[in-house]
Amino acid sequence: MKRILIGGMHHESNSFNPIIANKQDFQIAYGEEIFERIRENDAMSGIVQTLKKHEYELLPTVFMRAVPNGEVDTDFYLEVLQEMMTRAQTYHDEKPLDAITLALHGSMRVKDLGDAEGYLLKELRNRFPGVPIYTSLDMHATMTAAMHHFTDGMVGYKTAPHTDCTETGIHAAELTHLALSGQVTTKTSWVKVPVLVAGEKSATNIQPMISLIKALQEAEAKEGILAASYLMGFPWADSQDAQIGVYVVTNNNQALADQTAADLAEYLWSKKEEFSFNAEAYDNQRAIQEAIKSVKEGKKPVYLSDSGDNPTAGAASDCTHLLEDLLKVKELETLGDSIIYGGFYDPEATKACQDMVGQTVTLSIGGKFDPHTSKPVEITGNVLSYQKNWSRNGFLAGDLAVLQVKNLRIVLAETHVGYTDPQMYRDLQLEPEKAGIIICKLGYLTPEHEKLAQRAILVLTKGNTNEDLESIPYQWVQRPMYPLDKGFSYNAWDYMMKKEGN
C-alpha cells in the first residue's frame, strides 16, 4: 500500500494588522487528531476522504488553522514546522514516502520570514527529493516562486464566499492519485497578472468573476488539462508577491499549460476594470441613512458590512469608527427595532461582563489592538447575555457578551472570531430575524447571512481591510500594478514564471 503524507496550514495574514498571530490563536490537530476533525466544506476533509477511498495509507502530521489575523509569530511557526518535519521524517525512515498532499491557504505570512507556504514546501522538497507534492489552495492565495518550484500541482477554490473547499481538497487528492497510479505526469504553468483586487470585488456570483470561473471550467473540460485556477491574491499583505496568479496543471504537456495559462491571464487582464462590489457601497453616514430608510419602509433586516475591519480578512476587529458614528445618530433610537452589531475583539471588555447579566456597566470598547487606526469608545449599557466558551464553524472557543445600549446590541468577543453566521446571534438570544439592522465586521455576506438579508450594504469603513486599495500606503508591492497604476500595457508571456526543470 502506498503511503501519503498529509497536513496543512490555513491562515490569511494581514500585514497592516499589528497583532502577531501566535499559538493561542490557532486550532492545531496533531497526527491522528486530523482524522477526528472531518467536517463539511473543508479541504483537508476532502483530501482525507478521497485518499482513503483510493485505499492509500495516510500519514498525518499537523494541520493548523486560525481566523485571519496579522502576520504569524516566527518562533511559533518554526515550532510547528519542526513538528511536521519530525513526524514526516519518522514516517519516511520507517518506509519511504510515496507522495505528499497538503491543504494550504496560500496567503499565510510569517514575521521576518515572509511566505509561509513556500518555506514549508521548500523544506519538504529538500528533505524528500523526488516525492511528488500536491496541494489545495484558497482562491485568495498569493502565488510565490517557492510555491511554484517546490510542488507538482496545485488547485484553488472556485467560489467566493468559499463553498467548494471540500471539492478542492478532493481535486488535489485526485491529482495525487492520478500521479501515483501512473495515469499522469503533471506539468504546471504560472502567469502573474499585475492586478490587486479587494476580496469583496471577487465574489463569484457577480461579473466579471462569473465569466472568469466559467473560463476555468471550460479549460478544465479540455483534454489534457487537469486543473486551472485564478489565485486572486490578498491585497492586505504588503509584499513583492502581491498580485493575481493564473495556475494551470496539465498531463505532461508544458506547451498546453503555458498557452492555457497565458490565455486565461490575458482574459482576466481584459476584465480588470469590471471588478466591483456585489452590494451597494457607501461611506459610514450614507450607509446609516440608507439603513434607516429601509427599516422605515419595512425592508428589514438590512445588513451593514463594516468592511474595513473584517476579521475574516485579517483585520483586528476592534476598529470603532462606525460605532462612533452610530452613537451620534439619535434617529436610530426611534426605529423601534433592535440593531445588532457583531462585533468587537476585546477580551478585557468581554470578561468585564461575566456574572453581570442584567446589570449596568461602563466599558471601554475597541481601539486596543490597533490604536493607530481608531480609539477606544467608553460606553455605558446593560449586559444582555453572556455565553461561555462559544465556538462554531471552527472558530477558537471563547466567551461572548452582549452589551445593550438602548436598542443597540453590541457583541463582544474574548477571542478573534469571524461574524460569518447569524447563528452566533441566535446563541446570544438576539433573534436576528426580528432585527431592523444587522451590522457585521465582514465583507461580502456569507450564504447564511444572505438568507436573512432583505438589503445588503457594504460600508466603506477604514481599517486593516480598507477597500480603497489606491489609498493604502504600500511599500513593497511591485509596480506598475493596477489599480495603483493605470495606462500600462500587459503581455502574459512576459509575466510567465518558468519552473526549474520545465
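How many helices and strands are there in the chain?

## Overall fold

This is a predicted model. The chain holds 12 helices and 21 strands. Its radius of gyration is 23 Å, close to the 23 Å that the globule rule gives for 502 residues, so the chain is as compact as a globular protein of that length.

Taken along the principal axes, the C-alpha atoms fill a box of roughly 70 × 55 × 35 Å.

## Packing and contacts

Buried residues make up 62% of the 502 in the chain. Among contacts with a separation of 6 or more, 77% join residues 24 or more positions apart.

## Surface and charge

The exposed area of the chain is about 19,000 Å². Carbon and sulfur atoms supply 46% of that area.

The chain carries 47 positive and 68 negative charges. The mean positions of these two sets are 2 Å apart.

## Annotated domains

Two domain features come from UniProt, each from an unreviewed entry. Residues 3–291 are listed there as "domain: Microcystin LR degradation protein MlrC N-terminal". This span is 35% helix and 23% strand. The end C-alpha atoms of residues 3–291 lie 56 Å apart.

Residues 304–475 carry the UniProt feature "domain: Microcystin LR degradation protein MlrC C-terminal". Here the chain is 15% helix and 31% strand. The end C-alpha atoms of residues 304–475 are 31 Å apart.

Notes: Residues numbered from 1 in each chain as written. Predicted model: local features only at pLDDT ≥ 70, side-chain atom pairs only at ≥ 80, totals over all residues. Heavy atoms only, no water. Helix = DSSP H or I, 4+ residues; strand = E, 2+ residues; numbered from the N terminus. Rg over C-alpha atoms; globule rule 2.2 N^0.38 Å. Buried < 20%, exposed > 50% of the residue type's maximum accessible area, 1.4 Å probe, protein only. Contact = heavy atoms within 4.5 Å. Areas by Shrake-Rupley, 256 points an atom, 1.4 Å probe, with all protein chains shown as cover. Lys, Arg positive; Asp, Glu negative; His and termini not counted. Charge placed at Lys NZ, Arg CZ, Asp CG, Glu CD. UniProt positions renumbered as here; feature names shortened; annotations may be inferred.
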